Amino acid sequence: MDNREIERLVKEAVSLGKKTLVEPEAKEVLRLASIPVPRFQVVKDVTAAVEAAGRIGYPLVLKLVSPDITHKSDVGGVAVGIKDAKELELTWSQMILNVADENPVAMIEGFLIEEMAPKGVEVIVGAIKDEQFGPVAMFGVGGVAVELMKDVSFRLAPLDKKEAFEMMAEVKGFPLLTGFRGGSFKDLDAIADVIIKLAGVISSTDGLKEIEINPLIVYDEGAIAVDARAVIG
Ligand code: ADP
Ligand code: MG
């Protein structure tokens, strides 16, 4: 983990008056913490988007980058499975219309062109600095279950592998990772590794208040963080 570089990145954002890190900034923190993220590039116009897409390869994902939009899909700001340049251009125009419609005052920093990760089980890994308890790690399985049922577990950070496994086993959605209804057994070691690393990042970075990966997509082997955001200050 490149802690000095993470510290520098967060400090710089704070000094610019930012309150959050947008997805590509938060993913840069993850990358520096050796947490796997898809290849991506931020672009400002459609010509640059098509160029970047050529480098990253289809199918790909197009997303809005805006500090004013926390849930990108709610405003039509996420498109997965874009197959070629023509579809990219169409989706781009549609996305701009979506945002203009849903949140006309949102400041758009750019668009993310991102490698498309294969399907897997989606989990959430987070870390916060709690006023009372200090650094705390958070884990949950499946986006909707987490938001609707608050099916999450917590541990004080930093934590070890045994504690990370306890956290995973505590949530009701755990069977989704261990072969429920003929599904395959997912890479729990890879999840534990991400929980431990994120807990390490929150513990050792001044100015980082909150960081969340939602989702981390988990496979039979490995896991990848396809969305991230952070609160700083
Ligand atoms: P939101 O701001 O709405 O949470 P996300 O970046 O999490 O936006 O994207 C919404 C959903 O799209 C994710 O939960 C995931 O299922 C899918 N997704 C996003 N990025 C990728 C990617 N790079 N590869 C595959 N699926 C993705
Ligand atoms: Mg998300």
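The questions and answers below concern the cores and some of the strands of a predicted model.

Trainee: Which helix gives the largest share of the largest nonpolar core?

Mentor: The largest nonpolar core has 47 residues, and those touching the most other members are Leu-30, Val-123, Phe-139, Leu-177, Ile-195, Ile-211 and Leu-216. The largest share of this core amounts to 10 residues, and the element that provides them, spanning residues 188–204, is helix α7.

Trainee: How many residues are in the second, separate core?

Mentor: This second core is separate from the one just described, and Ala-52, Ile-69, Ile-82 and Leu-88 are included in it. Its residues number 19.

Trainee: Why is strand β7 described as largely enclosed by the rest of the structure?

Mentor: A residue counts as buried when its relative accessible area is under 20%. Strand β7 covers residues 134–141 and has eight residues, and it is largely enclosed because the number of them that are buried is seven.

Trainee: Which residue of β7 is the bridge partner of Ile-128?

Mentor: Strand β6, which runs over residues 121–130, pairs with β7 in the antiparallel sense over eight bridges, and the two strands form a hairpin with three residues between them. Within β7, the bridge partner of Ile-128 is Val-136.

Trainee: Which residue of β8 is the bridge partner of Phe-139?

Mentor: Phe-139 is among the residues that touch the most other members of the largest nonpolar core, and Leu-177 is in contact with Phe-139 as well as with residues including Val-121, Val-123 and Val-141. Strand β8, residues 152–156, pairs with β7 in the antiparallel sense over five bridges. In β8, the bridge partner of Phe-139 is Ser-153.

How values were computed: Residues are numbered from 1 along each chain as its sequence is written. Chains are lettered from A and ligands numbered from 1 in the order in which they are written. This is a predicted model: local features need pLDDT of at least 70, side-chain atom pairs count only at pLDDT 80 or more; totals for chains, interfaces and linings use all residues. Side-chain values use heavy atoms; hydrogens and water are left out. A nonpolar core is a set of buried Ala, Val, Leu, Ile, Met, Phe, Trp, Tyr and Cys residues joined through side-chain atoms within 4.5 Å. Buried means under 20% relative accessible area, exposed over 50%, partly exposed in between (1.4 Å probe, protein chains only). Helices (H or I, at least four residues) and strands (E, at least two) are DSSP runs, numbered from the N terminus. Contact means heavy atoms within 4.5 Å. Two strands pair if DSSP finds at least two bridges between them. Lists of a residue's contacts leave out its neighbours within four places in sequence.
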